[in-house]
Amino acid sequence: MLPILGRTLILLALLTASAGAIVGFATGLKPSPSGWRWTRILAYAFAACMLLASLTMEYALLTHDFSVGYVAHVGSRSVPTWVSIVSLWSSLEGSILFWGLVLGIYIAAATSRNANKYPEYMPYAVGVWLACGAFFSFLLAGPAQPFATVLKPPLDGPGPNALLQNHYLMVIHPPFLYSGYVGMTIPFGLACAALLVGRLGNDFIRPLRNFLLLSWIFLTIAIVLGGWWAYEVLGWGGYWAWDPVENASFLPWLTATAAVHSALLVERKGVLKGWTVILVLATYLLTILGTFMTRSGVFNSVHSFSQSAIGPTILVFLAAALLFSLVLLALRIDRLSPEGRLETGPSRDLFFLIQNLLLVLFTFTVLLGTVFPLVVEAVKGVQMSVGRPYFDKMSVPIGVALLFVMGVGPALPWGRASAQQLRRAWLLPLGTAAVLLAAGLTLGVRNPWTLLALFFGGFTAHVTLSEMFLPVRQRMRAHQEGFFEAFRQAQSRGQRRLGAYVAHFGAILIITAIAVSSTMGISKEVQLKPGESATLGAYELTFAGVEQVVEPHRVSTRAHLDITKNGRSLGALYPSMNQYENQREPVGSPAVHTSLTEDLYLSVHNIDSERDGLLALVNPMVCWIWIATAIIALGGLLALVPSLRGSTAAARIPDSAPAVIQGAKG
Amino acid sequence: MSEATSNTAPARINRNVLIGGAVVAFPLLAVLIANLGRDPHAVRSPLIGRPAPSFSLVPVGGGAPVTLEALRGKTVILNFWATWCVPCFQEHAALIEASRSLSGVKFFGVIYEDAEAKTREFIAQRGSGYPSLMDPEGRAAIAYGVFGVPETFFIDGNGRIVEKYVGPLDGSTILALAARAKDGVR
């Protein structure tokens with residue numbers, strides 16, 4: 001029964017999305033109120049079909065209805081209820097259904113928010129969204145069918161991938177990732193609409209920027225959650241391995257970050273319109289490329305789904321979307337004529353541009369490193385891996401340069417700066433930079449790139465904080481207000497600006513933390529018999545013995561290690577090997593003792609009652625990567641909320657902000 | 001305004017964008033298409049097409065050493081395995097069945113990092129259709145470049161490695177690869 005219901009809903013989704021796309025484009029070409037009304041109805045109908053189909057699947061998973069193909073594939077009676085619920089996105093077909101659900105929600109939200117605005121653009125935008133929706137419905141109807149009927153349903157299923165069950169982060173990482181990934185469809189549709197209409201003004205950039213920023217926040221959190229998961233689960237001691245699938249999420253993030261910044265120049269100065277549109281289009285195409293990379297089986301990765309027939313289908317869609325974007329851009333980009341002039345002297349404008357170019361360079365670097373092994377394999381038939389050395393070598397200079405630009409840009413005024421302005425703006429931050437550099441040197445940092453990161457980090461942090469509190473100081477002086485009152489007033493008047501600097505502050509923190517943690521860690525491999533101890537830095541680990549923990553869906557063999565630091569007890573850590581029901585190989589679970597300054601990271605690679613083979617690492621500042629991400633996300637939200645509340649407040653702020661800045665500097 | 005004029009302006013193609021985009025997009029698509037259907041887990045061993053390293057190993061339970069030279073003229077399937085390896089016992093039944101149905105093909109197990117007593121117990125419980133050879137210092141495993149079990153080598157009558165398979169085998173894969181080994185290295 002459920003398979004038929006599910007398949008019917010998928011077919012209805014395909015039907016409504018295809019019809020909606022056609023009606024949307026037709027209405028865009030020949031506007032009419034009834035056409036727009038039908039476009040909206042079909043968009044909501046598509047969202048409803050996806051929602052109902054997902055609910056049907058959840059019901060099937062929770063009731064263990066093994067007549068549904070996907071449930072027979074990933075369901076199991078022996079797993080806890082929460083695992084059954086999240087099984088929706090644990091495997092290939094379900095994850096595409098979940099994609100459809102998220103897309104449906106986004107389309108419905110973006111349509112209803114703008115139902116009475118931008119009448120020229122919106123039918124095209126909804127048309128593009130629904131065309132994308134039609135493709136994913138087609139995937140669900142054919143190549144990746146989650147609702148296939150199982151003629152002889154098994155009594156029990158194998159359960160989802162053990163790695164998914166191993167850590168709660170795997171429960172929240174995919175929803176964030178999909179909200180980021182799928183969300184990029186909305187700015188893509190809006191940018192296509194701007195091209196189709198042939199105009200991108202100060203008004204229409206706003207919904208584009210808002211949905212871009214929203215998806216960007218989700219994607220930022222998702223990428224770091226993915227790294228956190230790798231850190232807490234995979235047991236090799238790091239959080240980022242330049243794995244193709246990690247790169248798949250990082251590539252659109254880079255272009256989206258560039259687009260978030262260039263959209264500001266479109267909004268403020270009416271320049272870089274075509275460039276911004278290219279970035280938004282590229283971001284969407286990179287999400288589809290990423291989807292292909294994770295689901296085609298072409299890339300070898302710890303994260304990827306198994307090989308499947310849907311790879312070619314996604315590739316066809318990618319090719320079609322690429323061709324559509326290219327032709328559309330070539331035909332229409334010249335119509336997005338600039339309304340102002342980009343200042344090319346030493347100015348904030350210029351550093352916006354440099355930052356954008358650095359991010360695009362970064363994108364190409366990562367893309368090349370990801371695809372290069374495939375090129376070699378196709379041409380020479382040998383397998384090779386570009387691996388970490390390439391990525392590390394390339395990304396460190398770009399990362400440090402971005403840190404530099406992030407400090408210098410905001411220290412300059414919009415428009416050309418005078419030499420005196422430059423001196424005044426740079427003197428104090430340079431002092432802070434020198435202090436941080438000296439602190440690094442005394443703490444034993446010798447890696448030149450880490451030192452450079454500390455230096456620029458100090459400079460940029462000074463600029464960021466002083467820009468963040470500049471309006472507050474001015475209010476305190478001008479209105480004789482106390483700090484908190486002035487902060488509240490300034491914050492409510494310039495929340496977008498504040499949000500941007502909060503996000504920048506998080507970015508400085510994360511770059512510094514990555515630089516320190518990846519160059520200043522220590523590690524050791526040890527073999528311990530019960531009662532033996534090993535020392536690592538200030539830590540002493542004593543192997544107390546092996547314990548077995550039996551849970552319904554897994555058996556854990558864990559090493560009991562008593563930890564002391566400088567002679568003071570920190571309690572016990574239990575790195576373990578987990579053997580899951582119905583899974584072939586055991587999955588290791590590292591144990592981490594986290595503090596603000598450093599983590600002690602323990603991971604077992606072989607364990608029995610007589611000995612414990614252990615990888616132990618001390619990773620400094622890793623905790624700050626997670627904290628910094630929260631700060632970046634908070635900054636993004638601060639920048640997003642005022643423009644969501646109403647366009648009036650957002651419209652005024654960009655005009656008042658430069659006056660404030662120039663007033664202070666001049 | 002400028003917007004109105006730009007809307008009425010005749011459509012002009014921006015060649016830079018078109019060419020620049022095509023230069024990035026088409027090679028990328030070509031590479032992805034060329035790699036479609038490739039299994040990244042299929043590892044090409046540099047030994048394929050080369051003479052198989054020789055060995056002289058004593059079967060589990062004792063007896064005369066088995067050497068590759070003595071097997072010249074016959075197709076040989078060499079399966080590296082261990083009792084502690086779960087995928088190995090998944091493929092165990094398929095290998096026994098294939099060893100019975102394939103005439104003229106010699107099957108050998110090579111024990112990888114495991115004790116003889118445990119191996120003997122495993123064979124007593126689960127049966128075997130062919131000898132397994134002890135490789136006490138792992139010399140054969142090193143010579144064949146084994147980095148995990150199970151790994152299976154298909155060797156033709158001239159003593160050349162035709163195929164290497166990583167991971168558990170199933171019946172039809174064994175038959176297909178054995179047939180290729182019978183044809184020999186082309």
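Let me begin with a convention: two strands are said to pair if DSSP finds at least two bridges between them, and the strands themselves (E, at least two residues), like the helices (H or I, at least four), are DSSP runs numbered from the N terminus. What you have in front of you is a predicted model, in which local features need pLDDT of at least 70 and side-chain atom pairs count only at pLDDT 80 or more, while totals for chains, interfaces and linings use all residues. Residues are numbered from 1 along each chain as its sequence is written, and chains are lettered from A and ligands numbered from 1 in the order in which they are written.

I will start with chain B, whose secondary structure comes to 6 helices and 7 strands, arranged along the sequence as α-α-β-β-β-α-β-α-β-α-β-β-α. In that chain, strand 3, residues 75-81, pairs with strand 6, residues 151-155, in the antiparallel sense over 5 bridges, with B:V76 standing opposite B:I155. Strand 3 of chain B is also joined by 7 bridges to strand 4, residues 105-111, and those two run parallel; there, B:F80 has B:V110 as its bridge partner.

How many of the residues of strand 3 of chain B are buried? The count is 7 of 7, where buried means that 20 or more other C-beta atoms, placed from the backbone, lie within 10 Å of the residue's own. In a regular strand the side chains alternate between the two faces of the sheet. For strand 3 of chain B, both faces are covered, with B:T75, B:I77, B:N79 and B:W81 buried on one side and B:V76, B:L78 and B:F80 buried on the other. Over chain B as a whole, buried residues make up 31% of the 186 residues.

Turning to chain A, strand 10, residues 612-620, is mostly covered, with 7 of its 9 residues buried. Strand 10 of chain A pairs in the antiparallel sense with strand 1, residues 522-528, over 7 bridges, one partnership being that of A:K524 with A:A616. Strand 9 of chain A, residues 598-607, likewise pairs with strand 10 in the antiparallel sense, over 9 bridges, including the one between A:E598 and A:P620, and these two strands form a hairpin with 4 residues between them.

Finally, helix 19 of chain A, residues 495-519, is mostly covered too, since 23 of its 25 residues are buried.

Definitions and conventions: A residue is buried if 20 or more other C-beta atoms lie within 10 Å of its own, exposed if 12 or fewer, and partly exposed in between; C-beta atoms are placed from the backbone.
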